[in-house]
Amino acid sequence: MSSPLQAVTGLLLAIQEERFTLVADDGRVLLLTLSNRAPIRLSTLKRFHDANTRVRVFYSGEPNLVSGVAHSIQLERGQ
């Protein structure tokens with residue numbers, strides 16, 4: 001059984017290969033792995049990071065563990 005998706009909004013702190021660190025708006029620091037099925041390219045993720053853009057990440061599993069997987073990353077609208 002797959003776990004339900006959770007959503008978190010924040011800033012990308014670091015990107016390394018398919019893993020990235022997000023600082024959530026509530027102060028949590030989450031380490032997630034980008035799913036190979038995610039509809040976003042790594043180059044786009046790097047642009048979001050370089051521009052210090054707030055993003056919304058939809059993920060499953062437990063952040064900071066192998067099971068924490070980001071399935072979708074979008075620009076956060078209405079800042």
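What radius of gyration does the chain have, and what would a compact globule with 79 residues have? In this predicted model, the chain has a radius of gyration of 11 Å, which agrees with the value near 12 Å that a compact globule with 79 residues would have. Taken along the principal axes, the box filled by the C-alpha atoms is roughly 35 × 25 × 20 Å.

Of the 79 residues, 35% count as buried, and the accessible surface of the chain comes to about 5,100 Å², with 51% of that surface belonging to carbon and sulfur atoms. Among the contacts in the chain with a separation of 6 or more, 51% are accounted for by residues 24 or more positions apart. As for charge, the chain has 9 positive and 7 negative charges, and their mean positions are 7 Å apart.

The secondary structure comprises one helix and five strands, which follow one another along the sequence in the pattern β-β-β-α-β-β. Strand 4 (residues 54-60) takes part in two of the pairings described here. With strand 1 (residues 6-16), strand 4 pairs in the antiparallel sense over six bridges, and one of the residues concerned is Thr9, whose bridge partner in strand 4 is Arg56. With strand 5 (residues 69-75), strand 4 likewise runs antiparallel and is joined by six bridges; here Ser60 has Val69 as its bridge partner in strand 5.

Two asparagines in loops deserve a separate description. Most residues other than glycine have a negative phi. Asn52, however, has a positive phi near 55°, and Asn64, which is not a glycine either, has a positive phi of about 75°. The table sets out their positions and values.

| Residue | Loop | Phi | Relative accessibility |
|---|---|---|---|
| Asn52 | between helix 1 (42-50) and strand 4 | near 55° | 54% |
| Asn64 | between strand 4 and strand 5 | about 75° | 45% |

Which of the classes, exposed or partly exposed, applies to Asn52 at 54% relative accessibility? Asn52 counts as exposed, because its relative accessibility of 54% falls in the class defined as over 50%. Asn64, at 45% relative accessibility, counts as partly exposed. Asn52 also has a partner in space that is remote in sequence: Asn52 and Leu11 are 41 residues apart along the chain, whereas their C-alpha atoms are 6.6 Å apart. Leu11 falls within the residue range 6-16 of strand 1, the strand that pairs with strand 4, while the loop holding Asn52 runs between helix 1 and that strand 4.

Technical notes
Residues are numbered from 1 along each chain as its sequence is written. This is a predicted model: local features need pLDDT of at least 70, side-chain atom pairs count only at pLDDT 80 or more; totals for chains, interfaces and linings use all residues. Side-chain values use heavy atoms; hydrogens and water are left out. Helices (H or I, at least four residues) and strands (E, at least two) are DSSP runs, numbered from the N terminus. The radius of gyration is taken over C-alpha atoms; the globule rule is 2.2 Å times the number of residues to the power 0.38. Buried means under 20% relative accessible area, exposed over 50%, partly exposed in between (1.4 Å probe, protein chains only). Contact means heavy atoms within 4.5 Å. Accessible areas come from the Shrake-Rupley method with a 1.4 Å probe; for residues, only the protein chains shown count as cover. Lys and Arg count as positive and Asp and Glu as negative; His and the chain ends are not counted. The place of a charge is taken as NZ of Lys, CZ of Arg, CG of Asp or CD of Glu. Two strands pair if DSSP finds at least two bridges between them.
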